[in-house]
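Here is a short guided tour for someone meeting this structure for the first time. Take a moment to look over the sequence and the 3D view, and then read on.

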Amino acid sequence: MKILPLFAAALITTASFSALAATQISDAQAQSSNYHSLGVVDVRQDNTADLSLKAAMNEKAEEAGASHYRVIGISTPGDSSLARASVELYR
């Protein structure tokens, strides 16, 4: 019987984290909407890590208090060890 409250707590925690996630927007959306730019940041992610580059961009946006982000560019070296992205953050 104790498993049900633990499961419910885990479900609520997961739902609250996903509700706070930053949303990726397109160039057209960034230009046509009333988004306020917070600046550009670089995101680097080791491809061998559990976190994907998209998740790393989302995490960086959340840390900066951004609700949206736009990917400016992505690059990966030939050995695919470290992916990099330039991201503009918006509120």
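Two residues are in contact when they have heavy atoms within 4.5 Å. With that in mind, Arg70 touches Ile25, Ser26, Asp27, Ala30, Ser86, Val87, Glu88 and Tyr90, leaving out residues up to four places away in sequence. We will come back to Arg70 below.

## The model and its confidence

What you see is a predicted model. Its mean pLDDT is 80, and 74% of the residues reach 70 or more.

One stretch calls for care. Over residues 13–18 the pLDDT stays under 50, and the model has 0 contacts for them beyond four places in sequence. Where pLDDT is low, the predicted coordinates should not be read in detail.

## The overall layout

How many helices and strands does the protein have? There are 3 helices and 4 strands. Following the sequence, they come in the pattern α-β-α-β-α-β-β.

Of the 91 residues in the protein, 22% are buried. The accessible surface comes to about 6300 Å², and carbon and sulfur atoms account for 57% of that. Among contacts with a separation of 6 or more, 63% are between residues 24 or more positions apart.

## The nonpolar core

The largest nonpolar core has 12 residues: Ala22, Val43, Leu53, Ala56, Met57, Ala61, Ala66, Tyr69, Ala83, Ala85, Val87 and Leu89. Two elements give two or more residues to this core, namely α3 (53–63) and β4 (82–90).

One core member to pick out in the view is Ala66. Apart from neighbours within four places in sequence, Ala66 is in contact with Ala22, Leu38, Ala61, Leu89 and Tyr90.

## Helix α3 and what it packs against

Which residues of α3 are buried? They are Leu53, Ala56, Met57, Asn58 and Ala61. These buried residues pack against β2 (37–46), β3 and β4. After α3 comes Gly65, which has a positive phi, near 80°.

Strand β2 holds Gln45. This residue counts as buried because its relative accessible area is 10%, below the 20% cut-off for that label. Setting aside neighbours within four places in sequence, Gln45 is in contact with Leu51, Ser52, Leu53, Ala56, Ser81, Leu82 and Ala83. Two of these partners, Leu53 and Ala56, are among the buried residues of α3.

## Arg70 and its salt bridges

Now back to Arg70, which sits in strand β3 (residues 68–75). Is Arg70 buried or exposed? With a relative accessibility of 17%, Arg70 is buried.

The model has 2 salt bridges. In one of them, the side chains of Arg70 and Asp27 meet at 2.9 Å, N to O. Arg70 belongs to strand β3 and Asp27 to helix α2 (residues 27–32), so this pair ties together parts that are 43 residues apart in sequence. Asp27 is partly exposed, at 42% relative accessibility.

The side chains of Arg70 and Glu88 also meet in a salt bridge, at 2.5 Å, N to O. Here the partners lie in strands β3 and β4, so the pair ties together parts that are 18 residues apart in sequence. Both Arg70 and Glu88 are buried. Put together, Asp27, Arg70 and Glu88 are linked in a network of salt bridges.

## Tyr90 in strand β4

A last residue to visit is Tyr90, found in strand β4. Why does Tyr90 count as buried? Its relative accessibility is 6%, and buried means under 20%.

Which residues does Tyr90 touch, not counting those up to four places away in sequence? The list is Ile25, Ala30, Tyr35, His36, Ser37, Leu38, Ala66, Ser67, His68, Tyr69 and Arg70. One of these, His68, is 22 residues from Tyr90 in sequence, and their C-alpha atoms are 5.0 Å apart in space.

Tyr90 also links back to residues met earlier: its contacts include Ala66, a member of the core, and Arg70, the residue that pairs with Asp27 and Glu88.

Definitions and conventions: Residues numbered from 1 in each chain as written. Heavy atoms only, no water. Core = buried A, V, L, I, M, F, W, Y, C linked by side-chain atoms within 4.5 Å. Buried < 20%, exposed > 50% of the residue type's maximum accessible area, 1.4 Å probe, protein only. Areas by Shrake-Rupley, 256 points an atom, 1.4 Å probe, with all protein chains shown as cover. pLDDT = per-residue confidence, 0-100. Salt bridge = Lys/Arg side-chain N within 4 Å of Asp/Glu carboxyl O.
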